[in-house]
Amino acid sequence: MSQDRLIKLKSTKSPHVIFTRKNKKAVQRKIELKKFDPIVRENVLFKEAKK
């Protein structure tokens, strides 16, 4: 994975972290996604955090 496009998504309900890629030319804002959190065992909001 290219390190310059790599972003960290942190769960709002637990310390769980997901790494993914972001198209920085098309998306200028911070990403918020609903994903499955295995610690809480439900779908929660993940917000972009500093690497």
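# Exercises on a predicted four-stranded sheet

Serine 11 is buried, with a relative accessible area of 4%. The model is a predicted one, and the exercises below begin with this residue.

## Exercise 1: Serine 11

Task. Classify serine 11 by its accessibility, place it in the secondary structure and describe its surroundings.

Solution.
1. The class follows from the relative accessible area: residues under 20% are buried, and serine 11, at 4%, is therefore buried.
2. The residue belongs to strand S1.
3. Leaving aside residues up to four places away in sequence, serine 11 touches His16, Asp37, Val44, Leu45 and Phe46.
4. The side chain of serine 11 also has a polar atom 3.2 Å from the backbone nitrogen of lysine 13.

## Exercise 2: Order of the strands

Task. Derive the layout of the sheet and identify its edge strands.

Solution.
1. S1 and S4 run antiparallel and are joined by four bridges.
2. Within this pair, lysine 10 has lysine 47 of S4 as its bridge partner, and lysine 8 stands opposite alanine 49 in S4.
3. Strand S3, residues 32-37, is antiparallel to S4 as well, with six bridges between them. Leucine 33 faces phenylalanine 46 of S4.
4. The complete order is S2-S1-S4-S3, an open sheet of four strands with antiparallel pairing.
5. S2 (17-21) and S3 are the edge strands, as each of them pairs on one side only.
6. From one strand to the next, the twist averages 40°.

## Exercise 3: The nonpolar core

Task. List the residues of the largest nonpolar core and state which strands supply at least two of them each.

Solution.
1. The largest nonpolar core consists of five residues, namely Ile7, Leu9, Ile31, Val44 and Phe46.
2. S1 (6-11) and S4 (42-49) each contribute at least two residues to this core.
3. For one member, isoleucine 7, the contacts beyond four places in sequence are Ile18, Phe19, Thr20, Lys22, Ile31 and Glu48. Among these, Ile31 is also a member of the core.
4. Two other core members, Val44 and Phe46, are touched by serine 11 of Exercise 1.

## Exercise 4: Arginine 41 in the hairpin

Task. Locate arginine 41, characterise its backbone and decide whether it is buried or exposed.

Solution.
1. Arginine 41 is situated in the loop between S3 and S4. The hairpin of these two strands has four residues between them.
2. The phi angle of arginine 41 is near 60°, which is positive although the residue is not glycine.
3. The relative accessibility of arginine 41 is 68%. Exposed means over 50%, so arginine 41 counts as exposed.

## Exercise 5: Glutamine 3

Task. Determine where glutamine 3 lies, whether it is buried or exposed, and how far it is from arginine 21 in sequence and in space.

Solution.
1. Glutamine 3 is part of the segment before S1.
2. With 53% relative accessibility, glutamine 3 is over the 50% limit and therefore exposed.
3. Glutamine 3 and arginine 21 are separated by 18 residues in sequence, and their C-alpha atoms are 8.7 Å apart.

## Exercise 6: Confidence

Task. Report the confidence of the chain and of its strands.

Solution.
1. The average pLDDT of the chain is 91, and 96% of the residues score at least 70.
2. Confidence is lowest in S2, with a mean of 94, and highest in S4, with 97.
3. Where pLDDT is low, predicted coordinates should not be read in detail.

How values were computed. Residues are numbered from 1 along each chain as its sequence is written. This is a predicted model: local features need pLDDT of at least 70, side-chain atom pairs count only at pLDDT 80 or more; totals for chains, interfaces and linings use all residues. Side-chain values use heavy atoms; hydrogens and water are left out. A nonpolar core is a set of buried Ala, Val, Leu, Ile, Met, Phe, Trp, Tyr and Cys residues joined through side-chain atoms within 4.5 Å. Buried means under 20% relative accessible area, exposed over 50%, partly exposed in between (1.4 Å probe, protein chains only). Contact means heavy atoms within 4.5 Å. Two strands pair if DSSP finds at least two bridges between them. A polar contact is a pair of N or O atoms within 3.5 Å; within protein, one must be able to donate a hydrogen and the other to accept it, and residues adjacent in sequence count only if both atoms are side-chain atoms. Axes are lines fitted to C-alpha atoms, for helices over the stretch in contact, and angles run from 0 to 180 degrees between N-to-C directions. pLDDT is the predictor's confidence in each residue, from 0 to 100.
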